[in-house]
Amino acid sequence: MSRRRNERSGQVDLTGEAIHWDLGESLSYGQYLQLDKVLDAQRPLSSEHDEMLFMIVHQAAELWMRLMLHELEAVFACVRRDELGPSFKLLRRIGRVQSQLLAGWEVLSTLTPADYSAFRNALGRSSGFQSYQYRLLEFRLGNKNAQMIEVHRHDAPAYGQLERALHAPSLYDEALRLLSRRGYGISEERLNRDFSEPYRPSKQVAGAWLGVYHNAQKDWDLYELAERLIDLDYQFQLWRFHHLKTVERIIGHKRGTGGTGGVSYLAKALELKFFPELWQVRTSM
């Protein structure tokens with residue numbers, strides 16, 4: 001009878017569950033996740049209801065980007081060791097994280113122009129353009145631009161990280177080094193280039209990747225790496241597009257809070273590709 005009453009009321013029957021009601025000295029869920037810090041980080045600067053949405057979406061994006069950077073470091077290590085198998089799982093996970101970032105724009109797009117205008121002035125000059133983690137992701141993947149780090153000069157740790165990433169080989173540079181070690185012709189000039197400079201596509205590199213695709217059965221892991229990199233690049237392009245359309249939907253063609261042209265600035269990045277030759281070879285196959 002007691003069980004039936006619980007079913008009617010919608011309560012979960014806890015009979016036989018050995019729940020630790022008293023944690024004693026053990027670590028709690030909230031302590032492990034440091035939720036006191038995490039949930040104290042939402043401090044809107046205005047009294048407007050919708051600022052909380054705006055803040056949480058951006059904070060969540062930064063957490064997902066932190067995970068992407070963490071996973072990318074492991075991918076770098078796999079490529080350098082020529083042990084690509086584990087990297088595929090890591091790159092698949094990064095793809096799932098990118099899906100979460102894309103979903104964030106869907107939530108943010110519920111913000112109307114009037115909603116955002118009500119608290120926009122409270123943001124001052126703060127802008128996503130100043131996200132050092134996003135910039136670090138772009139540098140690690142190969143979109144190098146020395147000018148971009150200047151906005152972080154006031155933040156010594158972030159500036160230092162970005163400066164190191166600017167001068168270090170990107171994931172694509174490491175992939176080309178691997179191709180060379182596997183016998184695909186990549187010139188020394190390209191392998192030892194100035195990594196702080198933007199990457200320039202090469203017919204030689206395109207030819208090397210075309211060779212990988214033609215030899216997919218023999219070099220399946222290189223072929224799989226190429227496809228995983230395309231997935232990564234493709235998801236970034238979708239992210240940029242959704243960013244642009246969300247901004248356009250909310251503020252139209254107003255200038256961004258960080259000083260950029262807003263939509264006009266974001267449109268410039270739509271054609272950006274981290275791994276250009278991987279896109280080019282599709283025409284040649």
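Mentor: In this predicted model, the largest cavity has a volume of about 60 Å³. The structure holds 1 cavity of 30 Å³ or more.

Trainee: Which residues line the largest cavity?

Mentor: To read a cavity, one lists the residues of its lining. Here they are Met65, Met68, Gln98, Leu101, Tyr134, Phe236 and Trp239.

Trainee: Which helices each supply at least two residues of that lining?

Mentor: Three helices do so: H4 (51-81), H5 (85-108) and H12 (220-251).

Trainee: How many residues of the lining are nonpolar, polar or charged?

Mentor: Sorting by class gives 6 nonpolar residues and 1 polar residue, while charged residues are absent from the lining.

Trainee: I should like to turn to the nonpolar core. How many residues has the largest one?

Mentor: The largest nonpolar core has 71 residues, and those with the most contacts inside it are Leu171, Leu179, Trp209 and Leu278. Helix H12 provides the largest share of this core, 12 residues.

Trainee: What does Trp209 touch, not counting residues up to four places away in sequence?

Mentor: With those residues set aside, Trp209 touches Tyr172, Ala175, Leu176, Leu179, Leu222, Ala226, Glu277, Leu278 and Val281. Two of these partners, Leu179 and Leu278, are also listed among the core residues with the most contacts.

Trainee: Is Glu138 buried or exposed?

Mentor: One compares the relative accessible area with a cut-off: buried means under 20%. Glu138 counts as buried because its relative accessibility is 3%. This residue lies in helix H7 (residues 132-141).

Trainee: With what does the side chain of Glu138 make a polar contact?

Mentor: The partner is the side chain of Tyr134, at 2.8 Å. Tyr134 also belongs to the lining of the largest cavity. Leaving aside neighbours within four places in sequence, Glu138 is in contact with Asn143, Arg240, Leu272 and Phe274.

Trainee: My last topic is the backbone angle phi. What is the phi of Gln34?

Mentor: One reads the sign of the angle together with the residue type. Gln34 is not a glycine, yet its phi is positive, about 50°. Gln34 is found in the loop between helix H2 (29-32) and helix H3 (35-38), and with a relative accessible area of 39% it is partly exposed.

Trainee: Where is Asp82 placed, and what is its phi?

Mentor: Asp82 is in the loop between H4 and H5. Its phi is near 60°, again a positive value in a residue other than glycine. Asp82 counts as partly exposed, at 31% relative accessibility.

Definitions and conventions:
Residues are numbered from 1 along each chain as its sequence is written. This is a predicted model: local features need pLDDT of at least 70, side-chain atom pairs count only at pLDDT 80 or more; totals for chains, interfaces and linings use all residues. Side-chain values use heavy atoms; hydrogens and water are left out. On a 1 Å grid over the protein atoms alone, a cavity is a set of points where a 1.4 Å probe fits but cannot get out, and a pocket is an open set with protein on both sides within 12 Å along at least five of seven lines; lining residues have an atom within 4 Å of a point. Grid points are joined across faces, edges and corners, and a volume is the space filled by probe spheres set on the points. Helices (H or I, at least four residues) and strands (E, at least two) are DSSP runs, numbered from the N terminus. Ala, Val, Leu, Ile, Met, Phe, Trp, Tyr, Cys and Pro count as nonpolar, Asp, Glu, Lys and Arg as charged, and the others, Gly among them, as polar. A nonpolar core is a set of buried Ala, Val, Leu, Ile, Met, Phe, Trp, Tyr and Cys residues joined through side-chain atoms within 4.5 Å. Buried means under 20% relative accessible area, exposed over 50%, partly exposed in between (1.4 Å probe, protein chains only). Contact means heavy atoms within 4.5 Å. A polar contact is a pair of N or O atoms within 3.5 Å; within protein, one must be able to donate a hydrogen and the other to accept it, and residues adjacent in sequence count only if both atoms are side-chain atoms.
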